[in-house]
Structure formats: structure tokens, C-alpha cells
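User: I am new to this structure and would be grateful for a close look at a single part of it. Please choose one helix and explain how it is placed in the whole.

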Amino acid sequence: MRRLALVAVLAVVAGCGGEDKPSDADQVRATLVQFGEATSAHDYRTMCTKLLAPNLLDKLRKVGIGCEEALKQGLGDVKSPQLSVGKITVDGDTASAEVRTSAEGQAPSTDTVQLRRVDGSWRISSLAGTDEPGLAP
């Protein structure tokens, strides 16, 4: 769960553009921002119901742990999370974002978060490089 905690520790990121209809990259960034806010607030329900893709939720179910419980175990002790988003690549209904995360008492980590468009909104579908059973792509 430590790897999930490091990758999922998403904090406030630079805001989206002011266009009427944000680009896909801006929407991906907004999803990461919302995930960061939910992480900081320990709002696991929002993460599970609005920000994680169904395929990731299915993987958690297959290993026998509920989404909220998994996030609580992985993120419950995280303090002062920070995130910076690097390159975002969008390819149709999939996207990836390079992220650098840190938290109080933890070493910084650079990882890639995969996202998928689900019913018109971007959801986190995998955390690249994770060594947690059932969470790798």
C-alpha cells in the first residue's frame, strides 16, 4: 500500500484554463486536482465514486478489499501531500500524466498515472509502477 500512498498523494495543482470548454488535458489535470483535494481531506468516498475508473475498482474487489478501506489503509497517515503534474498525453479515451508526489516524512516519487474517459469524465484507471497486487495495469 505504500506505493499506492505515494502515487495517490495528490495535492493542489495549477488550475485549468479559462476556456468555455476545457481541453482533454485540462480535464485530466482537473481530475488530478480533485483527487488531490480528496486525498488531503481523506474523502475516500469521492475518490471511489467519482475519480477512480471501474477497472481499478474491479481490481480492488478481486483482491477482496473495498475501495474506501484500501484508500484509508494507504492514505490514512499521509500528511501535507504535494503533487506537481508534468507532461499529460491524451490518446482518444485514454490519457497518462507524469506526476511528482511528496508528503511529510516520505521521499518524493515520480510516477505515471493512467486515466480513462468514463461516461464523459476522466477517471484514474491505474497507477503505473505500482507493486500492489491487482493494482498494476
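Analyst: What follows is an account of helix α2, set within the predicted model as a whole.

The setting comes first. The protein has five helices and four strands, and along the sequence they follow the pattern α-α-α-α-α-β-β-β-β. The protein has 137 residues, and buried residues make up 45% of them. Its accessible surface comes to about 6,900 Å², with 47% of that area belonging to carbon and sulfur atoms. Among contacts between residues at least 6 apart in sequence, 55% join residues at least 24 apart. Several of the pairs described below link distant parts of the chain, including D24 with R117.

Helix α2 covers residues 24–41. It has 18 residues and reaches 26 Å from its first C-alpha to its last, close to the 26 Å expected at 1.5 Å a residue. The helix is followed by H42, a residue with a positive phi, near 55 degrees.

Which residues of α2 are buried? They are D26, V28, R29, T31, L32, V33, F35, G36, A38 and T39. Two members of this list, V28 and L32, also appear in the largest nonpolar core, where they belong to the residues that touch the most other members. The core has 29 residues, and L52, L71, A97, L115 and I124 stand beside V28 and L32 in that group. The elements that give two or more residues to the core are α2, α3 (44–51), α4 (54–62), α5 (67–75), β1 (82–91), β2 (94–103), β3 (106–118) and β4 (121–127). In soluble globular proteins, nonpolar side chains tend to be buried together.

V28 shows how this helix meets the strands. Leaving aside its neighbours within four places in sequence, V28 is in contact with I88, V90, A95, A97, L115 and W122. Of these partners, A97 and L115 are themselves named among the core residues that touch the most other members.

The buried list of α2 also holds D26. This residue counts as buried because its relative accessibility is 18%, under the 20% that sets the limit for the term. D26 and I88 are 62 residues apart in sequence, yet 9.0 Å apart in space, C-alpha to C-alpha. I88 is also one of the contacts of V28.

D24, at the start of the helix, brings in charged side chains. Side chains of opposite charge can pair when their charged atoms come close. D24 forms a salt bridge with R117, the closest N and O atoms being 3.0 Å apart. The pair joins helix α2 to strand β3 across 93 residues of sequence. D24 counts as partly exposed, at 27% relative accessibility, and R117 likewise counts as partly exposed, at 25%.

R117 has a further partner. It forms a salt bridge with D93, with the closest N and O atoms 2.7 Å apart. R117 lies in strand β3 and D93 in the loop between β1 and β2, so this pair ties together parts that are 24 residues apart in sequence. D93 is partly exposed, with a relative accessible area of 45%. D24, D93 and R117 are thus linked in a network of salt bridges.

The count of salt bridges comes to four. One that does not involve α2 is formed by E68 and R45, whose closest N and O atoms are 3.8 Å apart. E68 is in helix α5 and R45 in helix α3, 23 residues apart. E68 is partly exposed, with a relative accessible area of 33%, whereas R45 is exposed, at 54%.

Helix α4 offers a second view of how a helix is set against the strands. Its buried residues are N55, L56, L57 and L60, and what covers them includes α3, α5, β3 and β4. N55 has contacts with R116 and S125, once its neighbours within four places in sequence are left aside. The side chain of N55 reaches the backbone oxygen of S125 at 3.2 Å. Just after α4, G64 takes a positive phi of about 80 degrees.

To return to α2, the helix gives residues to the largest nonpolar core, with V28 and L32 among those that touch the most other members, and its D24 takes part in a network of salt bridges with D93 and R117.

Terms used
Residues are numbered from 1 along each chain as its sequence is written. This is a predicted model: local features need pLDDT of at least 70, side-chain atom pairs count only at pLDDT 80 or more; totals for chains, interfaces and linings use all residues. Side-chain values use heavy atoms; hydrogens and water are left out. A nonpolar core is a set of buried Ala, Val, Leu, Ile, Met, Phe, Trp, Tyr and Cys residues joined through side-chain atoms within 4.5 Å. Buried means under 20% relative accessible area, exposed over 50%, partly exposed in between (1.4 Å probe, protein chains only). Contact means heavy atoms within 4.5 Å. Accessible areas come from the Shrake-Rupley method with a 1.4 Å probe; for residues, only the protein chains shown count as cover. A polar contact is a pair of N or O atoms within 3.5 Å; within protein, one must be able to donate a hydrogen and the other to accept it, and residues adjacent in sequence count only if both atoms are side-chain atoms. The expected span of a helix is 1.5 Å times one less than its number of residues.
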